[in-house]
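User: I am new to this structure and should be grateful for a close look at a single part. Please concentrate on one helix, and then place it among other features.

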Amino acid sequence: MLAIETSCDDTCVAILDRKSSIEPPRTMVHLKETLNSASAGGIIPTRAHLHHQQQIGPVTHRALQSAGMPDIDLVCVTRGPGMPGSLSGGLDFAKGLAVAWKKPFVGVHHMLGHLLIPRMLNNGQNPRFPFVSLLVSGGHTVLVLSRSCVDHEILCDTLDIAVGDSLDKCGREIGIRGNMIAKEMESFINQAPLRMEVPMQLPNPLRNKSTRVDVQAFSFAPFITALKDNFTKPLSEYNVEEVRSMAYQIQEAIFHHIVTKLKLVIRLNQEKFEGVSSFVLSGGVGANARLRNLLETELGDNFDNFCYPPLELCSDNAIMIGWAGIELFEKQSLTTDLHATPVRKWPLTQLLEVPYWNSNK
């Protein structure tokens with residue numbers, strides 16, 4: 001099975017060997033070419049589109065060669081959500097391969113890939129449905145209750161920007177640079193023992209007040225404004241330990257907000273958590289060790305086990321798209337029609353409501 005992921009700025013191709021339905025697939029090869037957007041200060045859609053157009057052919061060719069030019073039985077590709085130009089680079093190429101090889105293909109929901117990838121390591125046996133997932137990335141922050149691979153309920157979403165976007169923007173404000181600023185900030189925090197050099201006042205958004213009670217939503221935009229309000233002098237006048245102190249407090253405040261809202265959702269929806277024993281943390285921010293530790297510490301009484309993808313599979317990758325495609329193909333007998341086009345906005349709760357699904361039941 002060949003899988004392609006091009007929803008944002010990563011051109012990813014994987015080949016999985018699914019020998020039988022009773023053992024996990026083997027990853028034969030996984031390649032990734034990432035657009036370097038550090039100098040641009042963020043991802044520019046037209047540059048990302050060109051990146052995929054240039055890379056998808058050579059990367060796929062390398063993957064096939066590395067795997068020994070195997071016979072492909074199924075093609076899986078990200079269909080949405082994401083940037084249309086990026087999505088089209090992978091989707092159109094995947095359709096071409098499906099036509100050339102005369103094989104079925106599956107257009108996969110990007111977030112479904114993040115949600116299901118922990119199941120691959122246990123061949124779909126753990127976590128078992130129903131389970132809840134916190135999907136945290138630069139584009140999404142959402143708590144999902146999954147009853148099957150096609151039945152999902154959103155329990156908590158963000159009202160504004162995603163947690164990864166907030167971490168990136170806050171990190172940029174304190175001078176952190178790189179292609180993945182939130183990851184760079186975590187590394188920066190862990191480089192040396194922490195000293196609380198600059199006490200900061202940071203919010204916990206959507207707290208209860210007389211006109212607003214028990215809002216089941218996240219909000220991450222206020223952290224950026226609050227951070228700027230804490231500056232008492234130009235950034236260049238803070239020393240490295242002071243900046244590290246600021247980075248730590250930013251990360252702690254944002255993660256504390258996540259935990260606060262998760263506890264609220266659990267308290268207000270106890271009936272929906274009956275029979276739920278597993279908590280999945282996935283998406284790029286899910287690789288953060290501090291967030292994992294906080295969730296296990298604060299929510300340990302609510303779940304029997306916490307499931308994480310391997311660190312290399314937390315960020316966008318084609319392996320997760322391949323596994324999600326396998327689950328849709330094997331368990332739901334679903335494929336995608338060749339008329340399919342990219343879906344820029346695609347609610348996970350409406351997984352089967354977009355056109356051009358083919359049911360082979």
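Analyst: The following account begins with helix H5 and then turns to a pocket and to the cysteines.

The model is a predicted one. Helix H5 spans residues 181-189, and its buried residues are Ile181, Ala182, Met185, Glu186, Phe188 and Ile189. These residues lie on the same side of H5, because the arc they cover around the axis is only 160°. An α-helix has 3.6 residues a turn, so residues three or four places apart point the same way. The buried residues of H5 pack against three helices: H4 (163-173), H7 (240-268) and H8 (289-299).

Helix H4 also leads to the cysteines, to which the account now turns. The structure holds 0 disulfides. Cys8 is in none, and the nearest cysteine sulfur, that of Cys12, is 10 Å away. Cys8 counts as partly exposed, because its relative accessibility is 21%. Cys170, by contrast, is buried, with a relative accessible area of 0%. Its closest cysteine sulfur, in Cys156, is 19 Å from the sulfur of Cys170, which is too far for a bond.

There remains the second largest pocket, with a volume of about 250 Å³. It is lined by 15 residues, of which Met1, Leu16, Arg18, Asp73 and Leu74 are the closest to its centre. Strand E2 (10-17) and helix H9 (318-331) each contribute at least two residues to this lining. By character, the lining comprises 10 nonpolar and 5 charged residues, with no polar ones.

Methods:
Residues are numbered from 1 along each chain as its sequence is written. This is a predicted model: local features need pLDDT of at least 70, side-chain atom pairs count only at pLDDT 80 or more; totals for chains, interfaces and linings use all residues. Side-chain values use heavy atoms; hydrogens and water are left out. Buried means under 20% relative accessible area, exposed over 50%, partly exposed in between (1.4 Å probe, protein chains only). Helices (H or I, at least four residues) and strands (E, at least two) are DSSP runs, numbered from the N terminus. The arc is that of the directions from the helix axis to the C-beta atoms. Contact means heavy atoms within 4.5 Å. On a 1 Å grid over the protein atoms alone, a cavity is a set of points where a 1.4 Å probe fits but cannot get out, and a pocket is an open set with protein on both sides within 12 Å along at least five of seven lines; lining residues have an atom within 4 Å of a point. Grid points are joined across faces, edges and corners, and a volume is the space filled by probe spheres set on the points. Ala, Val, Leu, Ile, Met, Phe, Trp, Tyr, Cys and Pro count as nonpolar, Asp, Glu, Lys and Arg as charged, and the others, Gly among them, as polar. A disulfide is a pair of cysteine sulfur atoms within 2.5 Å.
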